[in-house]
Amino acid sequence: MATLQRVTARDSRQYAYMERLMAGSFPREEYRPPVVLRLFIETKADFHAHVILHGGQPAGLLNYWSFQGFRYIEHFAIAPRLRGRGIGTEALKQLCSTPDEPIVLEVEMPETEIARRRVDFYHRLGFTLWDKPYMQPPYRPKEESRYLPMRLMAWGALDSGKDYERVKNTLYKEVYNVATFIPPALHCPSP
């Protein structure tokens with residue numbers, strides 16, 4: 001049985017596991033620097049960092065934000081050696097067990113086999129792919145990071161036609177600290 005254990009930066013063993021798994025599971029531009037992650041864990045009341053435990057041992061991570069009207073899964077990963085055992089499904093079902101709290105997450109454009117498999121995984125759990133253009137702002141804006149084309153998926157009582165702008169604007173402001181989408185040509189570094 002998978003369980004979620006909340007992590008603080010003071011919990012050095014679980015925090016170190018989460019940090020290693022994040023660095024091994026996501027490209028560098030798709031997560032914030034570790035020093036900023038620690039700051040968020042300690043200071044952002046709406047940010048919830050979790051290690052997924054399976055049989056009492058660390059098996060993954062699930063970090064999400066609680067906003068007015070929805071939760072946003074920022075990062076979700078299962079340790080490579082444990083994938084395919086249903087641990088991720090159990091963890092997400094736990095998070096989805098509160099039906100009046102919809103959930104949103106970002107997925108890569110479904111243009112590769114692995115991206116399509118991820119979308120299918122979330123579909124099987126009841127998530128809906130929103131077919132609206134979405135650009136993920138950079139986690140490391142002072143570096144030569146760029147906005148990444150993504151799609152949003154939602155579970156629960158959210159509608160892409162009605163809720164897309166509110167969800168997108170909340171993510172841009174609260175998660176990425178940007179006011180709105182800045183076209184790439186306007187946010188290029190100066191020569």
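Let's start with S3 and strand S4 (residues 70-78): in this predicted model, the two run antiparallel and are joined by 8 bridges. If you want a landmark for the register, look at Trp65, whose bridge partner in S4 is Tyr72. The two strands make a hairpin with 2 residues between them, and in that turn Gly69 has a positive phi of about 95°.

Now follow S3 the other way. Its partner there is strand S2 (residues 47-54), again in the antiparallel sense, with 8 bridges between S2 and S3. Here the pair to find is His54 and Gln57, since His54 stands opposite Gln57 in S3. This hairpin, too, has 2 residues between its strands, and Gly55 takes a positive phi near 65°. S3 itself, residues 57-67, is mostly covered, with 9 of its 11 residues buried.

How much of S2 is buried? Out of its 8 residues, 7 are, so S2 is largely enclosed by the rest of the structure. Part of its surroundings is easy to trace: besides pairing with S3, S2 pairs with strand S1 (residues 2-6), in the antiparallel sense and over 5 bridges. His54 turns up again at this point, because Ala2 stands opposite His54 in S2. So you can walk from S1 to S2, on to S3 and then to S4, with an antiparallel pairing at each step. As a general aid when looking at such strands, side chains in a regular strand alternate between the two faces of the sheet.

Just before S2 comes a helix worth a look, H2 (residues 34-43). Which of its residues are buried? They are Leu37, Phe40 and Ile41, and they cover an arc of only 100° around the axis, which puts them on the same side of H2. The general rule behind this kind of pattern is that an α-helix has 3.6 residues a turn, so residues three or four places apart point the same way. Turn H2 around and you meet the exposed residues Val35 and Thr43, carried on the face away from the buried side.

Next, the largest pocket. Its volume is about 890 Å³, and 32 residues line it. To get your bearings, head for Phe76, Ala77, Arg118, Phe121 and Tyr122, the lining residues that lie nearest the centre. Several elements share the job: S4, helix H3 (87-95), S5 and H4 each supply at least two residues of the lining. H4 gives the most, with 7 residues. As for the chemistry, the lining is made up of 15 nonpolar, 7 polar and 10 charged residues.

Arg118, one of those residues nearest the pocket's centre, has a second role in this tour, as it forms a salt bridge with Glu108. The closest N and O atoms in that pair are 3.2 Å apart. What does the pair tie together? Glu108 sits in strand S5 (residues 103-108) and Arg118 in helix H4 (residues 113-124), so the link joins parts that are 10 residues apart in sequence. Both partners are partly exposed: Glu108 has a relative accessible area of 31%, and Arg118 has one of 39%.

That pair is part of a total of 9 salt bridges in the whole structure. Another is found in helix H5 (residues 160-175), where Arg166 and Asp163 lie 3 residues apart, about one turn of the helix. Their closest N and O atoms are 3.4 Å apart. The two ends of this bridge sit in unlike settings, as Arg166 is partly exposed at 34% relative accessibility, while Asp163 is buried at 6%. A further salt bridge joins Lys173 to Glu174, with the closest N and O atoms 3.8 Å apart. In this pair Lys173 is exposed, at 56% relative accessibility, and Glu174 is partly exposed, at 32%.

One last stop is Leu152, in strand S8 (residues 148-155). Is Leu152 buried or exposed? At 0% relative accessibility, Leu152 counts as buried. Look across from Leu152 to Glu106: the two are 46 residues apart in sequence, yet their C-alpha atoms are 4.6 Å apart in space.

Terms used: Residues numbered from 1 in each chain as written. Predicted model: local features only at pLDDT ≥ 70, side-chain atom pairs only at ≥ 80, totals over all residues. Heavy atoms only, no water. Buried < 20%, exposed > 50% of the residue type's maximum accessible area, 1.4 Å probe, protein only. Helix = DSSP H or I, 4+ residues; strand = E, 2+ residues; numbered from the N terminus. Pairing = 2+ DSSP bridges. Salt bridge = Lys/Arg side-chain N within 4 Å of Asp/Glu carboxyl O. 1 Å grid on protein atoms, 1.4 Å probe; cavity = no way out; pocket = protein on both sides within 12 Å on 5 of 7 lines; lining within 4 Å. Points joined across faces, edges and corners; volume = space filled by probe spheres on them. Nonpolar A, V, L, I, M, F, W, Y, C, P; charged D, E, K, R; others polar. Arc of directions from axis to C-beta.
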